[in-house]
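Hello,

Here is the structure I promised to pass on to you. Please have a look at it first, and then read my notes below.

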Amino acid sequence: MTSNSKIRIATMAIILTLACGTADAQRLHRHHHPHALITVVEKPSITVHLKNELNQKERFAIAVAYLKEHKYITVNKYAKMTGLTKATAKAELDSFAADKNRPISAVTKGKKRVYVINNK
């Protein structure tokens with residue numbers, strides 16, 4: 001073998017070694033995620049504090065006063081007036097309507113459920 005062919009072989013070996021090392025580094029960089037192999041699941045600690053200074057009796061009085069001035073009240077309007085969530089406001093208005101001693105009843109207006117004052 002001549003010195004030229006030895007240099008060519010050595011050069012090719014170095015080039016292949018470097019190319020393979022670079023390719024291997026890219027493969028590890030793109031596909032190797034050691035942090036993705038460990039999954040930690042924790043239950044989030046969420047505490048909801050409701051600051052509602054009105055009691056149910058006062059909220060009922062607000063609803064009745066509103067209904068004396070307007071034809072009906074919606075869950076959204078009641079929730080905004082009392083500071084309750086929509087779900088809580090709906091549940092409370094439903095409980096008012098279910099109580100026969102209270103002058104509020106639920107009716108359907110189009111696709112919406114609204115609450116009106118009974119005409120006794």
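To describe how two helices cross, I call an angle of 65 to 115 degrees roughly perpendicular. Please keep in mind that this is a predicted model.

**Two crossing helices**

Let's start with helix 2, which covers residues 56–69, and helix 4, which covers residues 86–98. They pack at an angle of about 80 degrees, and their axes lie 12 Å apart. That angle falls within 65 to 115 degrees, so helix 2 and helix 4 are roughly perpendicular to each other.

Where do they meet? Helix 2 brings Gln 56, Arg 59 and Phe 60 to the contact, and helix 4 brings Glu 92, Ser 95 and Phe 96. The residues of this contact are a mixture: two are nonpolar, two polar and two charged.

**Glu 92**

One residue to click on here is Glu 92, which sits in helix 4. Is Glu 92 buried or exposed? Its relative accessible area is 8%; the cut-off for buried is under 20%, so Glu 92 counts as buried. The side chain of Glu 92 makes a polar contact with the side chain of Arg 59, at 2.7 Å. Not counting residues up to four places away in sequence, Glu 92 touches Gln 56, Arg 59, Tyr 78 and Leu 84.

**The nonpolar core**

Next, please turn to the largest nonpolar core, which has 16 residues. Those that touch the most other members are Ile 73, Tyr 78, Ala 89, Leu 93, Phe 96, Ile 104 and Tyr 115. At least two residues of this core come from each of helix 2, helix 3 (75–82) and helix 4. Helix 2 supplies the largest share, with five residues.

Phe 96 appears both in this core and in the contact between helix 2 and helix 4. Leaving aside neighbours within four places in sequence, Phe 96 is in contact with Gln 56, Phe 60, Tyr 78, Arg 102 and Ile 104.

**Ile 104**

That last partner, Ile 104, belongs to strand 1, residues 104–109. Ile 104 has a relative accessible area of 1% and is therefore buried. Again leaving aside neighbours within four places in sequence, the contacts of Ile 104 include Phe 60, Ala 63, Val 64 and Leu 67, along with Phe 96, Ala 97, Tyr 115, Val 116 and Asn 118. From Ile 104 to Asp 94 the distance is 9.1 Å, C-alpha to C-alpha, and the two are 10 residues apart in sequence.

Enjoy exploring it!

Best wishes

Methods: Residues are numbered from 1 along each chain as its sequence is written. This is a predicted model: local features need pLDDT of at least 70, side-chain atom pairs count only at pLDDT 80 or more; totals for chains, interfaces and linings use all residues. Side-chain values use heavy atoms; hydrogens and water are left out. Axes are lines fitted to C-alpha atoms, for helices over the stretch in contact, and angles run from 0 to 180 degrees between N-to-C directions. Helices (H or I, at least four residues) and strands (E, at least two) are DSSP runs, numbered from the N terminus. Angles under 35 degrees count as roughly parallel, over 145 as roughly antiparallel, 65 to 115 as roughly perpendicular and the rest as oblique. Contact means heavy atoms within 4.5 Å. Ala, Val, Leu, Ile, Met, Phe, Trp, Tyr, Cys and Pro count as nonpolar, Asp, Glu, Lys and Arg as charged, and the others, Gly among them, as polar. Buried means under 20% relative accessible area, exposed over 50%, partly exposed in between (1.4 Å probe, protein chains only). A polar contact is a pair of N or O atoms within 3.5 Å; within protein, one must be able to donate a hydrogen and the other to accept it, and residues adjacent in sequence count only if both atoms are side-chain atoms. A nonpolar core is a set of buried Ala, Val, Leu, Ile, Met, Phe, Trp, Tyr and Cys residues joined through side-chain atoms within 4.5 Å.
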